[in-house]
Amino acid sequence: RKPLATTVRAVGRVVAEETTLADVSLKVRGWVGEVRVAAVGDPVERGQTLFTVYSPELYAAQEEYVQALRSQERARESSAPDRADYLVRAARNRLRLWDIGDRELERLAKTGEPVEHLPIRAPVSGYVVEKNLVAGSAFQPGQRLYRIAPLAKVWIEAEVYEYELPLVRAGQGATVTLPYMPDRGFEANVAYVYPTLDPKTRTARLRLEIPNPDLELRPDMYANVRVHADRGEKLVVPQSAVLYAGERNFVFRALGEGRFRPQLVEVGLRSGEDVEILAGLEPGDEIVTSGTFLVASESRLRAALEQW
C-alpha cells in the first residue's frame with residue numbers, strides 16, 4: 001500500500017472574474033456628451049471619468065437640489081432654521097439614488113450651478129472589456145454602456161469528463177499552462193465544481209482561481225489544466241505487472257519454488273508507473289512485476305504441449 005496521486009487533465013479558457021466585473025449603466029435616459037475612455041482594452045482607475053452625460057431628469061434634479069440649498073440658507077436666518085433641511089436631504093438622496101457621486105454633490109453645493117453634462121465615473125479599477133456608446137448617442141435606463149473587468153485575478157473554466165468527477169473537489173491544487181508559454185506553469189486552486197453536466201459532451205465544468213499580477217493571462221485565452229488529485233493510501237502494483245485479456249485483467253502470483261498462478265484482479269486508477277488494485281490481491285501478496293509476458297507465453301506453451 002502507498003499514497004496514490006493522479007492528475008486530471010483538462011482544457012480550459014481564461015475568463016474575467018465575474019464577482020469583480022462592473023457594469024456601468026444609468027437609471028435615467030439621456031444622451032452621451034464627451035467620451036473620455038474611448039476603446040475596449042483601455043485601463044481605467046476607480047473614480048476616473050468615463051464620459052459625460054446630458055439628462056433632463058438629472059438637470060432638473062440638480063436644480064431642485066440647488067433650490068433646496070438656497071431655501072436652507074434662508075431658513076438659517078429665520079425663527080425655524082431647520083425647516084428646509086428635509087428638502088435638502090430629499091434632493092441629495094434623489095441624486096445619490098441616480099448614482100451621482102459625492103464629488104459632484106460637493107461641487108454643486110459649492111457653486112450653486114447645475115451642470116448640463118455630468119461626468120460619469122468608473123466604479124472600479126480595471127480594463128474596459130465592453131463599450132456600447134459613442135459621443136451623441138442616446139441611452140435608456142439600465143442600458144449597459146461599459147463593462148469593466150479587474151484582471152489582477154482571473155478564472156479558468158475547464159471541462160472534465162463525467163467519470164473524472166469523483167477525483168475533483170473544491171480546494172485542490174492545479175497547474176495551468178498556456179499554449180504560447182508551454183514552459184511556464186501557473187499555480188491555481190479549484191474554487192468551484194459546477195453541479196450540472198453538458199448533455200452533449202458529458203463533461204462537467206470546473207472554475208479555478210489564479211492570481212494574474214503581470215496580466216499574462218488574458219480573457220478568452222486557451223489553457224491546459226492539470227488538477228492534482230490525492231487519492232490517499234491505496235493498494236498498488238507496477239503497471240508492468242498487469243496483463244490485459246479482453247475485459248479481464250490478471251497478474252501472476254508467486255506460489256514459491258518457481259511456480260506462478262494467474263490471478264484475476266480489478267484495476268482502478270493509474271498514476272505514473274503504478275496502477276490501483278481494487279480487488280483480487282491483498283497487501284503482502286507476491287507477484288511477478290517484470291517479464292510477465294514471458295511467463296504468460298511459457299504457461300500457454302505448456303498448456304499446448306499437455307494437450308498434445
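Trp31 has Ala138 as its bridge partner in β8. This contact, like the rest of the account below, is read from a predicted model. The pairing of β8 with strand β3, residues 30-35, is antiparallel and rests on two bridges. Both strands belong to an open sheet of four strands, ordered β6-β5-β3-β8 and paired in the antiparallel sense. The edges of this sheet are taken by β6 (118-121) and β8 (138-139); each has a single partner strand, so one side of each is left without a neighbour in the sheet.

A further open sheet, again of four strands with antiparallel pairing, follows the order β2-β9-β7-β4. Here β2 and β4 (43-44) are the edge strands, each pairing on one side only. Starting from the β4 end, two bridges join β4 to the antiparallel strand β7, residues 126-131, and Val44 stands opposite Gly126 of β7. Strand β7 in turn pairs with β9 over four bridges, also in the antiparallel sense. Within that pairing, Glu130 stands opposite Arg147 in β9. Strand β9 (residues 146-149) then meets β2 through three bridges, with the two strands running antiparallel. Arg147 appears here too, as the bridge partner of Asp23. Arg147 is thus placed opposite Glu130 and is also bridged to Asp23. As a general point for anyone following these strands on screen, side chains in a regular strand alternate between the two faces of the sheet.

The edge strands of the two sheets lead on to the pocket analysis. The largest pocket has a volume of about 360 Å³. Its lining comprises 17 residues, and those closest to the pocket centre are Asp99, Gly101, Arg121, Ala122 and Pro123. Two or more lining residues come from each of β2 (22-24), α3 (102-111) and β6. Of these elements, β2 is an edge strand of the sheet β2-β9-β7-β4, while β6 stands at an edge of the sheet β6-β5-β3-β8. For readers thinking in terms of chemical character, the lining divides into seven nonpolar, three polar and seven charged residues.

Attention now turns to the aromatic side chains. Four aromatic pairs are found in the structure. One of them, formed by Tyr161 and Tyr163, is stacked, with 6.0 Å from centre to centre and 5° between the planes. Tyr161 has a relative accessibility of 47% and so counts as partly exposed, whereas Tyr163 is exposed, with a relative accessible area of 64%. The pair of Tyr192 and Tyr194 has its ring centres 5.1 Å apart; the planes stand at 80°, so this pair is edge-to-face. Its members also fall on either side of the 20% cut-off for burial: Tyr192 is partly exposed at 36% relative accessibility, and Tyr194, with a relative accessible area of 17%, is buried.

Arginine side chains add to this picture. Arg205 lies over the face of Tyr194, at 3.9 Å from the ring centre. Tyr194 therefore has Arg205 over its face as well as Tyr192 as its edge-to-face partner. In a comparable arrangement, the charged end of Arg207 sits over the ring of Trp155, 4.2 Å from the centre of that ring.

Conventions: Residues numbered from 1 in each chain as written. Predicted model: local features only at pLDDT ≥ 70, side-chain atom pairs only at ≥ 80, totals over all residues. Heavy atoms only, no water. Phe/Tyr/Trp six-rings, centres within 6.5 Å; stacked < 30°, edge-to-face > 60°. Buried < 20%, exposed > 50% of the residue type's maximum accessible area, 1.4 Å probe, protein only. Lys NZ or Arg CZ within 6 Å of the ring centre and 35° of its normal. Pairing = 2+ DSSP bridges. 1 Å grid on protein atoms, 1.4 Å probe; cavity = no way out; pocket = protein on both sides within 12 Å on 5 of 7 lines; lining within 4 Å. Points joined across faces, edges and corners; volume = space filled by probe spheres on them. Nonpolar A, V, L, I, M, F, W, Y, C, P; charged D, E, K, R; others polar.
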